[in-house]
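Student: Please take one part of this model and examine it closely, residue by residue. I should like a connected account rather than a list.

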Amino acid sequence: MSNIIFTEFQRQQLESNPNVMKVSDRSITYSQDFKLAAVKENLAGKGPYQIFTEKGFDMDVIGSKKPKQCLKRWRGTYDKYGEDGFYKERRGKGSTGRPSTNHLSAEDKLKKAEARIAYLEAELDFVKKLDEVERQAKKKR
């Protein structure tokens, strides 16, 4: 998220650009087609600043660092997922995240449960010791 807060006039100016899907007070959502075209132009040798200015963006409004940041992120998406990376939603259901425990064997589930029990027991011991130290500190007053 940007440190820049857009005024109402700046938001309207950005929303009028065909390469922008939506604008909030602090962020710009660019169209997928623009992202893909920008990455391809960048890979062909154009600089981020040049790409954004040619597409009608005012650098005083979006900030001079924004083009470089966006293209770095978009190139990562392009390298990892290809062109489809800009058109398919990767958040939410089916996204990568915390691994599911559904495919663990019974033995692995048991090991995981034992490790969790050991962790919780250690945590409980720590809390008990902390309570004891606090009680002793109150007695000394």
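Tutor: Let us begin with Phe34, which counts as buried because its relative accessibility is 2%, under the 20% limit for that class. The model is a predicted one, and every value below is computed from it.

Phe34 does not stand alone: together with Tyr30, Phe52, Phe57 and Trp74 it makes up one aromatic cluster. In the structure as a whole there are nine aromatic pairs. One of them joins Tyr30 to Phe57 in an edge-to-face arrangement, with the ring centres 5.6 Å apart and an angle of 70° between the planes. Tyr30 belongs to strand S2 (residues 28–30), whereas Phe57 sits in the loop between helix H3 (48–54) and helix H4 (59–62), so this pair ties together parts separated by 27 residues in sequence. Tyr30 is buried, with 4% relative accessible area, and Phe57 is buried as well, with 5%.

Phe34 itself pairs with Trp74, again edge-to-face, at 5.7 Å from centre to centre and with 85° between the planes. This contact links distant parts of the chain, since Phe34 is in helix H2 (residues 32–43) and Trp74 is in helix H5 (residues 66–81), 40 residues apart. For Trp74 the relative accessible area is 4%, so this residue is buried too.

The next residue to consider is Lys35, which is also found in helix H2. Its C-alpha atom is separated by 6.7 Å from that of Trp74, although the two residues are 39 places apart along the chain. If neighbours within four places in sequence are set aside, Lys35 is in contact with Tyr30, Trp74 and Phe86. Lys35 therefore touches two members of the aromatic cluster, Tyr30 and Trp74.

We may now turn to the charged side chains of helix H2. Side chains of opposite charge can pair when their charged atoms come close. The whole structure holds eight salt bridges. In one of them, Lys40 meets Glu83, and the closest N and O atoms are 2.8 Å apart. This bridge, too, spans distant parts of the chain: Lys40 is in helix H2 and Glu83 in the loop between H5 and H6, with their positions 43 residues apart. Lys40 is partly exposed, at 38% relative accessible area, and Glu83 is partly exposed at 37%.

Another salt bridge brings together the side chains of Glu41 and Lys55, with an N to O distance of 3.6 Å. Glu41 lies in helix H2 and Lys55 in the loop between H3 and H4, 14 residues apart, and here again the link is between distant parts of the chain. Lys55 has a relative accessibility of 28% and therefore counts as partly exposed. Glu41 and Lys55 also take part in a network of salt bridges that includes Lys46 and Glu54.

Away from helix H2, a further salt bridge is formed by Asp25 and Arg11, whose closest N and O atoms are 3.1 Å apart. Asp25 is in the loop between strand S1 (20–23) and S2, while Arg11 is in helix H1, 14 residues away. Both residues are classed as partly exposed, Asp25 at 41% and Arg11 at 21%.

Helix H1 (residues 8–15) also holds Gln10. A polar atom of the Gln10 side chain lies 2.9 Å from the backbone nitrogen of Thr7. Beyond its neighbours within four places in sequence, Gln10 is in contact with Ile5 and Val61.

In summary, helix H2 contributes buried Phe34 to the pair with Trp74. Helix H2 also supplies Lys40 for the bridge to Glu83 and Glu41 for the bridge to Lys55.

Terms used. Residues are numbered from 1 along each chain as its sequence is written. This is a predicted model: local features need pLDDT of at least 70, side-chain atom pairs count only at pLDDT 80 or more; totals for chains, interfaces and linings use all residues. Side-chain values use heavy atoms; hydrogens and water are left out. Rings of Phe, Tyr and Trp (its six-membered ring) pair if their centres lie within 6.5 Å; planes under 30 degrees apart count as stacked, over 60 as edge-to-face and the rest as tilted. Helices (H or I, at least four residues) and strands (E, at least two) are DSSP runs, numbered from the N terminus. Buried means under 20% relative accessible area, exposed over 50%, partly exposed in between (1.4 Å probe, protein chains only). A polar contact is a pair of N or O atoms within 3.5 Å; within protein, one must be able to donate a hydrogen and the other to accept it, and residues adjacent in sequence count only if both atoms are side-chain atoms. Contact means heavy atoms within 4.5 Å. A salt bridge is a side-chain nitrogen of Lys or Arg within 4 Å of a carboxyl oxygen of Asp or Glu.
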